[in-house]
Amino acid sequence: MAIDRAEGIWNDIQRIRGESPLVHNITNYVVMNTTANALLALGASPVMAHAREEVEQMAGLARALVINIGTLSGPWIDSMLAAGHEAKRKGIPIVLDPVGAGATRYRTDTALRLIQELAPDVVRGNASEIRALAYDERTTKGVDSAHGSEEALDAGRTLAARCRSVAVVSGSIDVVFEEQTAVRIANGHPVMPKVTGLGCAATALIGAFAAVNPSAREAAVHAMAVMGIAGEIAAGRARGPGTFWVAFLDALYGVRQDDIRARLKIEEA
Amino acid sequence: MAIDRAEGIWNDIQRIRGESPLVHNITNYVVMNTTANALLALGASPVMAHAREEVEQMAGLARALVINIGTLSGPWIDSMLAAGHEAKRKGIPIVLDPVGAGATRYRTDTALRLIQELAPDVVRGNASEIRALAYDERTTKGVDSAHGSEEALDAGRTLAARCRSVAVVSGSIDVVFEEQTAVRIANGHPVMPKVTGLGCAATALIGAFAAVNPSAREAAVHAMAVMGIAGEIAAGRARGPGTFWVAFLDALYGVRQDDIRARLKIEEA
Amino acid sequence: MAIDRAEGIWNDIQRIRGESPLVHNITNYVVMNTTANALLALGASPVMAHAREEVEQMAGLARALVINIGTLSGPWIDSMLAAGHEAKRKGIPIVLDPVGAGATRYRTDTALRLIQELAPDVVRGNASEIRALAYDERTTKGVDSAHGSEEALDAGRTLAARCRSVAVVSGSIDVVFEEQTAVRIANGHPVMPKVTGLGCAATALIGAFAAVNPSAREAAVHAMAVMGIAGEIAAGRARGPGTFWVAFLDALYGVRQDDIRARLKIEEA
């Protein structure tokens, strides 16, 4: 199975590198640069556009729409909804990153509204964020707080069922939920949470994979695996979070089929 | 004394690494990414949030509030004030970076208003910025212009007295003023002004130290010392401002007690 | 000629390093940090300011104004126009980067409006963007799409004539058009399009050169040459787009007269 997975991931990477799919991001200020660089390094073509005047046209040109609520404000929510409705009309996959859901009511409410109105194909967050959405919580412990892994898994399963979408719970092990299935990816490195925007980059890469793979679940699994594998390669060349980030972009850019075959740690259930 | 200082700095670093205090930043677009990475590398937990709808709740979750006026606009000022008032109510330290004060009237006026309404615990800027605020100037020479060091010191002393806060004047020597005291930190490296956002990172690190140290003055001294020491370590591994920045994050992440003991150059008066 | 060019470039670099001209950028969120770092590495003094309340005063302090429409919205357009009119009044050079012109009507219209109202001294874009403006197209293929090189050259010539400005078409060969002249710069490296913001950095560097060189055409040629030469030096030290970017900043910071003499590949017609 892991061999088939490695083939599937490699096929998607080759398609992304060959086709450079346009990925439209409405994302937060903190990670716009790093998201664009991660998408470029993988082989995709990123664009950031958030003005109400153009988001529908831009979403209509793209092959995936990535929505990230990390530095939210009113006009951006309007644009997220407008772009999302256009993506729906065109049948383009939508990936949502509910950054900080659970930390403030504004973020939780906005994420829940985006899920309800847009029915995103994939929602990716950390344990706190997924839990806040799965159980419609209004206050948790903040942006990066973690929960016990069992609790996180229940939340992922619940959110996937509730939203009829793919739910990805990121952590030291990433888990991708859809209906009754759960895929666990154990790649990655402990320095990764010390670099800002890696979660957001994962969400954007799911968009790139969804642009070339019709299964949202496969796209999510493949993106999380590539994130983790590139992270392992980068950690081997890095001295800390600064050198890690630049090595990570190099690794995404240069990742080879052998790297995936040799490193992939995946478990399906 | 320098030995006691080194112990104090190290104690704070250990607390930051152990407790990961949440630092709420309302900062400028240019440095959001680098600020988040500097806070993460040190061990703190950064969050950026600026929407009027959520800043009070976010500030209420945080252990320090960092306000930076580098790319100001009207709605952000409202949010800075709202978050600041909430921080005051909760007794959370406020650190202000008056980027560009003195360059335009808008920035000088805004910084003065924030000081008047919020009475921040620490104000950190370069000589031009501190001078513009100390003497309520309305036009100086621009964003990065420097002044003679004696003049800058007078301005720092004046601002600290006028605002009853800690004032930090950054430069080749950083000076931390409070009431009749002045602490000079001579760590750092000349390449540092060639990297954008290091001043803003210093301000954010003051926030992280203030989250674990009840003395705003100590927090400012410790943060400036760690900035300078990490800068020296990074400069030893760098070829220019690009490699410097990534080495700086590595150095913040990996800084050891021995580094502080061996390198700290501090003078108290 | 190439020898004279190398001298001219070097003279400008020395002036930028010596005078640190203030370059006012109203640019997009994705590249604010990288633009500031590129300008600092070259020796200029960047400032980002976009509030309607201060853009005129800031533009009045600067020696060049760089306008970039990469993440456009209504209030920013107002500020671009206000800053541009002030720059005109003061005789400060204006450089325009029409990011994404041709991708959406909003961007094409805005870029055309900025050209018409402000008559920028230099417009720099990729082939798609320049073509959209030269022929007043309303929809092309997206943000990064390329066209045949002959077609791109015609578009550059047309835009320069239509706008009575300098037009720069970036690509594997950069071409600088003014009236009947065309200068081709063949420096650079294929990894450069895999890093976000290098085009935007080129536009900002044109601003820095225009601050010290009264000929907009010379400024554009010199900036594109330095971009390409620094890119070649960086590629020699890099393993992929991550290490490339940090090496690029180092190279801009450290570029020597010999590097320019040895590497410059320029053709005038």
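Which residue of chain A comes closest to the rotation axis? The numbered points below take up this question first and then turn to the contact between the chains and to a sheet in chain B.

1. The model is a predicted one, and in it the residue of chain A that comes closest to the rotation axis is A:Tyr29, whose C-alpha atom lies at 3.7 Å. The axis in question belongs to a rotation of 120 degrees, with 0.0 Å of shift along the axis, which superposes chain A on chain B with an RMSD of 0.0 Å. This is the relation of a three-fold axis.

2. Where chains A and B meet, 27 residues of chain A are in contact with 27 residues of chain B. On the side of chain A that touches chain B, the elements of chain A that give two or more residues are helix 2 (32–42), helix 5 (105–118) and helix 10 (241–254), and helix 10 of chain A gives the most, with four residues. Sorted by class, this side of chain A has 10 nonpolar, 12 polar and five charged residues.

3. A student might expect the two copies to use matching surfaces, but only 11% of the interface residues of chain A are also interface residues in chain B, so the copies meet through different surfaces.

4. One part of the contact deserves a careful look, namely the meeting of helix 10 of chain A with helix 10 (residues 241–254) of chain B, whose axes come within 6 Å and cross at roughly 135 degrees. Because angles of 65 to 115 degrees count as roughly perpendicular and those over 145 as roughly antiparallel, this crossing makes helix 10 of chain A oblique to helix 10 of chain B. From chain A, the helix contributes A:Pro241, A:Gly242, A:Thr243 and A:Val246, while the residues of helix 10 of chain B that take part include B:Trp245, B:Val246, B:Phe248 and B:Tyr253. By class, this contact between the two helices has eight nonpolar, two polar and one charged residues.

5. Within chain B, nine strands form an open sheet of mixed pairing, in the order 2-1-3-4-5-6-7-8-9. Its edge strands are strand 2 (45–48) and strand 9 (266–268) of chain B, each of which pairs on one side only. Neighbouring strands of this sheet are turned against each other by 20 degrees on average, with direction ignored.

6. For an example of pairing inside chain B, one can follow strand 4 (residues 94–97) and strand 5 (residues 122–126), which run parallel and are joined by two bridges. In strand 5 of chain B, the residue that stands opposite B:Leu96 is B:Val123.

Terms used: Residues numbered from 1 in each chain as written. Chains lettered and ligands numbered in written order. Predicted model: local features only at pLDDT ≥ 70, side-chain atom pairs only at ≥ 80, totals over all residues. Least-squares fit on C-alpha atoms with pLDDT ≥ 70 in both. Contact = placed C-beta atoms within 7 Å. Nonpolar A, V, L, I, M, F, W, Y, C, P; charged D, E, K, R; others polar. Axes fitted to C-alpha atoms, helices over the stretch in contact; angles between N-to-C directions. Parallel < 35°, antiparallel > 145°, perpendicular 65-115°, else oblique. Pairing = 2+ DSSP bridges.
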